[in-house]
Amino acid sequence: MKLLSISILFLFSIFNTTFSPTSQVKNTYDNYSWSKEELKMANTAGNSSYLTGQEKDLVIYMNLARMDGEKFFNTYFQDFVDAYNKKVIKYSNYDDLKITRNSKYYRSLEQQLKDVKDLPMLWPDEALSIVARQHARDMNRNNFTGHNSSDGRSVKDRISEIYPKRSNGENLAFGFSTGFEKYLYVIA
C-alpha cells in the first residue's frame with residue numbers, strides 16, 4: 001500500500017507566489033467563476049518545491065473553500081460529486097456508495113460551507129512538511145495508521161520539537177489519488 005502524506009499546514013502571513021495550478025484546478029477554473037486573482041491568492045504553495053503537485057492542489061482547494069465556502073460548494077464540490085458517482089457506479093453496492101444531494105451529510109456540508117467567507121489563507125511550512133513525511137513513512141513502514149508514532153510520540157511531541165510554544169494538529173488521509181479527494185476527506 002502506497003501511503004500518501006498530507007503536509008501539516010499552518011498560517012503564515014507571507015505572500016510571494018507564482019500562479020501555476022495543476023491542470024485539474026485549471027480546468028475547473030475555466031468552467032466557473034473563480035477569477036485568476038482568486039486562484040492566485042489561493043495558490044500559497046505555488047513556489048513550495050518541497051510539496052508534490054497533489055499537496056499543492058490540496059492547499060489551493062482548502063484556501064478556495066476558506067475564501068468563499070458557498071462558491072466552492074457550488075463549483076468544485078459539484079464536479080467532484082458527479083465524477084465520484086460516475087466512478088463508483090461499477091460497484092454492486094452503488095446505492096450505498098453514491099453521494100446523493102439530499103443526504104444529511106451533503107446538506108450538512110452545504111450549510112457549513114455557506115457560513116465560510118474571507119478566512120485567512122493557509123500557508124505551507126517546510127519544517128512541518130518534513131515532520132508529516134516522517135510520520136507517513138513511519139506509518140507505512142510499520143503498517144499502521146494513527147496520530148501517535150510507532151514509538152508512542154503524539155502529534156504534540158513531534159511538532160513541539162520544531163515549534164515548542166504553538167498549538168498544533170494534523171489531518172491524516174490515505175489512499176486518495178488527487179488533492180481534491182484528500183481535501184474532501186479532511187473536511188468531512
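Which residues of α4 are buried? I began with this question, working throughout on a predicted model. My list for α4 reads Gly69, Lys71, Phe72, Phe73, Thr75, Tyr76, Phe77, Gln78, Phe80, Val81, Asn85 and Val88.

**Entry 1: the overall layout**

I then stepped back to place this helix in the chain, and noted that the secondary structure of the protein comes to nine helices and two strands, the elements running β-α-α-α-α-α-α-β-α-α-α from the N terminus on. Of the 188 residues, I found 43% counted as buried. I also looked up the contacts between residues at least 6 apart in sequence, and of these 69% join residues at least 24 apart.

**Entry 2: α3 against α4**

I looked next at how α4, residues 69-88, meets α3, residues 53-67, and recorded an angle of about 125° with the axes 5 Å apart. The angle makes α3 oblique to α4, because it falls neither within 65 to 115 degrees nor over 145. On the α3 side I noted Tyr61, Leu64, Ala65 and Met67 as the residues that make the contact, and on the α4 side Gly69, Phe72 and Tyr76. Sorting the residues of this contact by character, I obtained six nonpolar, one polar and no charged.

Tyr76, which belongs to the α4 side of that contact, deserved an entry of its own. Tyrosine 76 is found in helix α4, and I wrote it down as buried because its relative accessible area is 3%. I also checked its separation from alanine 65, eleven residues away along the chain, and the C-alpha atoms of the two are separated by 9.4 Å. Ala65 is itself one of the α3 residues in the contact with α4.

**Entry 3: α4 against α6**

For the pair formed by α4 and α6, the latter spanning residues 104-114, I recorded an angle of about 150° and axes 8 Å apart. I noted the crossing of α4 past α6 as right-handed. From α4 the contact draws on Gly69, Glu70, Phe72, Phe73, Phe77, Gln78 and Val81, and from α6 on Tyr106, Leu109, Glu110, Leu113 and Lys114. In this contact of α4 with α6 I found seven nonpolar, two polar and three charged residues.

I also followed the course of α4 itself and noted a bend of about 35° at phenylalanine 77, a residue that takes part in the contact with α6 and is listed among the buried ones.

**Entry 4: a lysine in α4**

Is lysine 71 buried or exposed? I looked this up separately, since lysine 71 is found in helix α4. It counts as buried because its relative accessibility is 17%, and the cut-off is under 20%. Setting aside neighbours within four places in sequence, I listed its contacts as Ser33, Trp34 and Glu38.

**Entry 5: positive phi values**

I turned to two residues in loops. Aspartate 118, found in the loop between α6 and β2, has a phi near 55°, which is positive although the residue is not glycine. I recorded aspartate 118 as exposed because its relative accessible area is 61%.

Asparagine 143 sits in the loop between α7 and α8, and here I noted a positive phi of about 55° in a residue that again is not a glycine. Asparagine 143 counts as exposed because its relative accessibility is 67%.

**Entry 6: two more loop residues**

Glycine 146 is also found in the loop between α7 and α8. I listed its contacts, leaving out neighbours within four places in sequence, as His135, Met139 and Leu172. For histidine 135, eleven residues apart from glycine 146 in sequence, I noted a C-alpha to C-alpha distance of 9.5 Å.

Which residues does tyrosine 50 touch, not counting those up to four places away in sequence? Tyrosine 50 lies in the loop between α2 and α3, and I wrote down Glu55, Pro124, Asp125, Glu126, Ser129 and Arg133. Of these I followed up serine 129, which is 79 residues apart from tyrosine 50 along the chain, while their C-alpha atoms are separated by 8.0 Å.

Terms used:
Residues are numbered from 1 along each chain as its sequence is written. This is a predicted model: local features need pLDDT of at least 70, side-chain atom pairs count only at pLDDT 80 or more; totals for chains, interfaces and linings use all residues. Side-chain values use heavy atoms; hydrogens and water are left out. Axes are lines fitted to C-alpha atoms, for helices over the stretch in contact, and angles run from 0 to 180 degrees between N-to-C directions. Helices (H or I, at least four residues) and strands (E, at least two) are DSSP runs, numbered from the N terminus. Angles under 35 degrees count as roughly parallel, over 145 as roughly antiparallel, 65 to 115 as roughly perpendicular and the rest as oblique. Contact means heavy atoms within 4.5 Å. Ala, Val, Leu, Ile, Met, Phe, Trp, Tyr, Cys and Pro count as nonpolar, Asp, Glu, Lys and Arg as charged, and the others, Gly among them, as polar. A crossing is left-handed if the near helix is turned anticlockwise from the far one by less than a right angle, and right-handed if clockwise. The bend at a residue is the angle between axes fitted to the seven residues ending there and the seven starting there. Buried means under 20% relative accessible area, exposed over 50%, partly exposed in between (1.4 Å probe, protein chains only).
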